[in-house]
Amino acid sequence: VDTLGSLYQRAGAAPAAVRVAYQRFRNLLTRRLGLPLAAPNAALEQGVRARLGWKETGLSDTLQRAERASRLAQLLGTEALEIVQALERYEERLGLRPRREQEKR
């Protein structure tokens with residue numbers, strides 16, 4: 001992961017790193033919700049609320065932020081890292097991947 005992050009940083013490819021994380025998150029989430037990959041972010045949030053009982057706010061903002069950042073020509077590495085980490089936290093909290101303790105087993 002560190003090596004990959006270093007490659008993105010040297011190439012100035014922070015938007016590409018966000019794009020990869022965003023597409024992965026959408027892929028996992030649409031699969032879990034049974035929605036098409038092309039489903040808009042609003043439909044994803046609605047599905048999370050209806051099917052997974054999600055009541056917290058912020059998911060929609062994170063999805064929109066990731067989508068915008070993934071399309072930029074340039075992006076600060078710190079902002080890219082923030083977005084990728086937020087997507088990873090949502091993956092864990094929504095049960096889209098095993099928690100760290102379960103991964104070690």
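Is Leu 52 buried, exposed or partly exposed? The legends below take up this residue and its surroundings in a predicted model.

**View 1. Leu 52 in helix α3.**
Leu 52 is partly exposed. Its relative accessible area is 29%, and partly exposed covers values between 20% and 50%. Leaving out residues up to four places away in sequence, Leu 52 touches Arg 32, Leu 33, Gly 47 and Leu 94. Take Arg 32 from that list. Arg 32 and Leu 52 are 20 residues apart along the chain. Their C-alpha atoms are separated by 9.6 Å.

**View 2. Helix α2, residues 14-33.**
Helix α2 has 20 residues. At 1.5 Å a residue, these should span 28 Å. The C-alpha atoms at the two ends are 28 Å apart, so the model agrees with the expected span. Gly 34 follows α2. The phi of Gly 34 is positive, near 70°.

**View 3. The crossing of α2 and α3.**
Two packed helices are described by the angle between their axes and the distance between the axes. Here the axes come within 10 Å and cross at roughly 45°. An angle from 35 to 65 degrees counts as oblique, so α2 and α3 are oblique to each other. Their crossing is left-handed.

**View 4. Residues where α2 meets α3.**
From α2 come Tyr 22, Arg 26, Leu 29, Thr 30, Arg 32 and Leu 33. From α3 come Asn 41, Leu 44, Gly 47, Val 48, Arg 51 and Leu 52. Sorted by class, this contact has six nonpolar, three polar and three charged residues.

**View 5. Helix α4, residues 59-71.**
Helix α4 has 13 residues. From first C-alpha to last, α4 reaches 19 Å, close to the 18 Å expected at 1.5 Å a residue. Which residues of α4 are buried? They are Leu 59, Ser 60, Thr 62, Leu 63, Ala 66, Ala 69 and Ser 70. The buried residues of α4 pack against α2, α3 (41-52) and α5 (77-93).

**View 6. Ser 60 in helix α4.**
Ser 60 has a relative accessible area of 16%. Buried means under 20%, so Ser 60 is buried. Gln 46 lies 14 residues from Ser 60 along the chain. The C-alpha atoms of Ser 60 and Gln 46 are separated by 9.4 Å.

Conventions:
Residues numbered from 1 in each chain as written. Predicted model: local features only at pLDDT ≥ 70, side-chain atom pairs only at ≥ 80, totals over all residues. Heavy atoms only, no water. Helix = DSSP H or I, 4+ residues; strand = E, 2+ residues; numbered from the N terminus. Expected span 1.5 Å × (residues − 1). Buried < 20%, exposed > 50% of the residue type's maximum accessible area, 1.4 Å probe, protein only. Contact = heavy atoms within 4.5 Å. Axes fitted to C-alpha atoms, helices over the stretch in contact; angles between N-to-C directions. Parallel < 35°, antiparallel > 145°, perpendicular 65-115°, else oblique. Left-handed = near helix turned anticlockwise from the far one by under 90°. Nonpolar A, V, L, I, M, F, W, Y, C, P; charged D, E, K, R; others polar.
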